[in-house]
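Welcome to this short tour. Please open the structure in your viewer and keep the selection tool at hand.

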Amino acid sequence: MSVLRSLEAKLEAFVEGAFSRAFKSRVQPVELARKLAKEMEESQVVSISRTYVPNEYVVFLSPGDREQFSSYEGALKKELSDYLLEHARDEGLALVTRPTVEFKTDDRLKLGEFGIQAHLIQPPDEDSGEVEPQQADYGHTMVYSPDAEARRLVETPAMGRALLVGDGRRTVLSGARVVMGRSRDCDVVIDDPNVSRRHAELRRQGDTWMVADLGSTNGVKVNGRRVEHAVLKPGDEITLGLSRLSFEQE
């Protein structure tokens, strides 16, 4: 058995053995290892005598997947680092240092998706007898999914302040949740007998907002259509009872 296959078997045993109960997520460590090796091979830079590959890798997971991995990240990071080290040796690729693997959470990813970002840290210099290699296109994040082609994660431009306009008021939305309703305890109080005490809430997800019905009597409409929840776009009209509010973004 090759070193690469041996390490794959070790990772499979890692999942199927004592820790198997923890891994209920759709992201599996063996698949992480394979895609990390793929990013290594596709991020090569060539100097005079060697072919260098990244030595720092960041794995981005959805909140749900990250929670499943949280108790075992330390052990998993070591297994993946060992995997990459042996893979580089097996392929004759040069590393400046032992590869490191870190995990981070990205709210833009769905359950089962993961992103990988590779960096070459501390490249060789002329004092060591090597000419600094030509830098590759490091810093981008590739996203892998079980049911879609790999894609580059594109950063969306930051959006301005979000506002709720209606009833003669302009309310700037802040925090992660904004509750709307007839109760004086709500963040946005709506004086309308057709509105429930806690009628709906606005939830922030990154740079976007969505509205969600909180089990109200008369429901929530967005642009005239009744919804349980919906992502909002600037100019959308939210109807609660007989009250109409406009979602705006500066």
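What volume does the second largest cavity have? The answer is about 30 Å³, and what you are looking at is a predicted model. The cavity count comes to two when those of 30 Å³ or more are included.

**Stop 1: around the cavity**

To find the second largest cavity, select L164, V165, G166, R169, T171, V188 and L245, the residues that line it. Strand 8 (162–166) and strand 9 (169–172) are the elements that each give two or more residues to this lining. Strand 8 provides the largest share, three residues. Try colouring your selection by residue type: the lining of the second largest cavity divides into four nonpolar residues, two polar ones and one charged one.

**Stop 2: the whole protein**

Now zoom out and switch to a cartoon view. You should find four helices and 18 strands in the protein. Of its 250 residues, 45% count as buried. Among the contacts in the protein with a separation of 6 or more, 57% are between residues 24 or more positions apart.

**Stop 3: helix 2 and M40**

Select residues 29–42, which form helix 2. This helix has 14 residues and reaches 20 Å from its first C-alpha to its last, close to the 20 Å expected at 1.5 Å a residue. Show the side chains next: the buried residues in helix 2 include P29, V30, L32 and A33, and K35, L36, A37, E39 and M40 are buried too.

Stay with M40, which is found in helix 2. Is M40 buried or exposed? M40 is buried, because its relative accessible area is 0%, and the cut-off for buried is under 20%. Leaving out residues up to four places away in sequence, M40 touches V53, P54, Y57, L84, H87, A88, L93 and L95. Draw a distance line from M40 to A88: these two are 48 residues apart in sequence, yet 8.2 Å apart in space, C-alpha to C-alpha.

**Stop 4: helix 4**

Move on to helix 4, residues 73–91. Its end C-alpha atoms are 27 Å apart, which agrees with the 27 Å that 19 residues should span at 1.5 Å a residue. Buried residues of helix 4 include E73, L76, E79, L80, S81 and D82, along with Y83, L84, L85, H87 and A88. Just after helix 4, click on G92, where phi takes a positive value of about 70 degrees.

**Stop 5: S216 in its loop**

Next, select S216, in the loop between strand 13 (208–213) and strand 14 (220–222). S216 counts as buried because its relative accessible area, 10%, falls under 20%. Which side chains make polar contacts with the side chain of S216? One is the side chain of H199, at 3.2 Å, and another is that of D213, at 2.9 Å. Setting aside neighbours within four places in sequence, S216 is in contact with S196 and H199.

**Stop 6: N223**

Finish at N223, in the loop between strand 14 and strand 15 (225–227). Its phi is near 55 degrees, a positive value in a residue other than glycine. Most residues other than glycine have a negative phi. Turn on the surface to look at N223 from outside: N223 is partly exposed, with a relative accessible area of 48%.

Technical notes: Residues numbered from 1 in each chain as written. Predicted model: local features only at pLDDT ≥ 70, side-chain atom pairs only at ≥ 80, totals over all residues. Heavy atoms only, no water. Expected span 1.5 Å × (residues − 1). Buried < 20%, exposed > 50% of the residue type's maximum accessible area, 1.4 Å probe, protein only. Polar contact = N/O pair within 3.5 Å; in protein donor to acceptor, adjacent residues only side chain to side chain. Contact = heavy atoms within 4.5 Å. 1 Å grid on protein atoms, 1.4 Å probe; cavity = no way out; pocket = protein on both sides within 12 Å on 5 of 7 lines; lining within 4 Å. Points joined across faces, edges and corners; volume = space filled by probe spheres on them. Nonpolar A, V, L, I, M, F, W, Y, C, P; charged D, E, K, R; others polar.
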